[in-house]
Amino acid sequence: MEEGKILIQINPESLHGIELLVDNQGNVQKTKRAFDSEIYDDLKEDAFEQSSPLEFNLYLKGLGK
C-alpha cells in the first residue's frame, strides 16, 4: 500500500489474530480479528507477502519504525 503496510498474525487453529496497520510515519493501529477459513486464499489473491515474526512483533511493541 502507498499509505503504509498491513501485517497480520493468525492463529492457525482458531483463526483469530491481530491486524496491524502501519502508516508511513510508523504509527500503528492494532485490531483483533476473527478470520474465516478462506483467509489464506484471500491473502494469496491480494498478493500479501509473508513477513517474519520478528518484524510483526517489533511493530506490535511500537519499535518498528
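**Exercise 1. Find the residue in strand 3 that is the bridge partner of Leu-20.**

*Solution.* Begin with the pairing itself: in strand 3, Leu-20 has Lys-30 as its bridge partner. This is a predicted model, in which local features need pLDDT of at least 70, side-chain atom pairs count only at pLDDT 80 or more, and totals for chains, interfaces and linings use all residues. Residues are numbered from 1 along each chain as its sequence is written, and side-chain values use heavy atoms, with hydrogens and water left out.

Next, look at the strands around this pair. Strand 3 covers residues 28–34, runs antiparallel to strand 2 and is joined to strand 2 by seven bridges. Strands (E, at least two residues) and helices (H or I, at least four) are DSSP runs, numbered from the N terminus, and two strands pair if DSSP finds at least two bridges between them.

Finally, visit the turn. Four residues lie between strand 2 and strand 3 in their hairpin, and Gly-26 in the turn has a positive phi of about 90 degrees.

**Exercise 2. Work out how strand 1 and strand 2 are joined, and what phi Leu-15 takes in their hairpin.**

*Solution.* First, the pairing: strand 1 and strand 2 run antiparallel, with seven bridges between them. As one example, Ile-8 stands opposite Glu-19 in strand 2.

Then follow the chain into the loop between strand 1 and strand 2, where Leu-15 has its place. This hairpin has five residues between the strands, and Leu-15 takes a positive phi near 60 degrees. Most residues other than glycine have a negative phi.

Last, check the burial of Leu-15. Its relative accessible area is 17%, so Leu-15 is buried (buried means under 20% relative accessible area, exposed over 50%, partly exposed in between, with a 1.4 Å probe and protein chains only).

For a second case, go to the loop between helix 1 and helix 2, the place of Ala-47. Ala-47 is not a glycine, yet has a positive phi of about 60 degrees. Its relative accessibility is 57%, so Ala-47 counts as exposed.

**Exercise 3. Name the residues of the largest nonpolar core, and the strand that gives the most to this core.**

*Solution.* Start with the members: the six residues are Leu-7, Ile-18, Leu-20, Val-22, Phe-56 and Tyr-59. A nonpolar core is a set of buried Ala, Val, Leu, Ile, Met, Phe, Trp, Tyr and Cys residues joined through side-chain atoms within 4.5 Å.

Now sort by element. Strand 2 (16–23) and helix 2 each give two or more residues to this core, and strand 2 gives the most, with three.

A second, separate core has five residues, including Leu-15, Phe-35, Ile-39 and Leu-43. Leu-43 lies in helix 1 and has a relative accessible area of 16%, so this residue is buried. Leaving aside neighbours within four places in sequence, Leu-43 is in contact (heavy atoms within 4.5 Å) with Ile-8, Ile-10 and Phe-48.

**Exercise 4. Describe the lining of the largest pocket by class.**

*Solution.* Count the classes: 11 nonpolar, five polar and five charged residues. Here Ala, Val, Leu, Ile, Met, Phe, Trp, Tyr, Cys and Pro count as nonpolar, Asp, Glu, Lys and Arg as charged, and the others, Gly among them, as polar.

Then find the middle: of the 21 lining residues, Ile-8, Phe-48, Glu-49, Gln-50 and Ser-51 lie nearest the centre of the pocket. A pocket is an open set of points on a 1 Å grid over the protein atoms alone, where a 1.4 Å probe fits, with protein on both sides within 12 Å along at least five of seven lines; lining residues have an atom within 4 Å of a point.

To finish, note that strand 1 gives the most to this lining, with seven residues.
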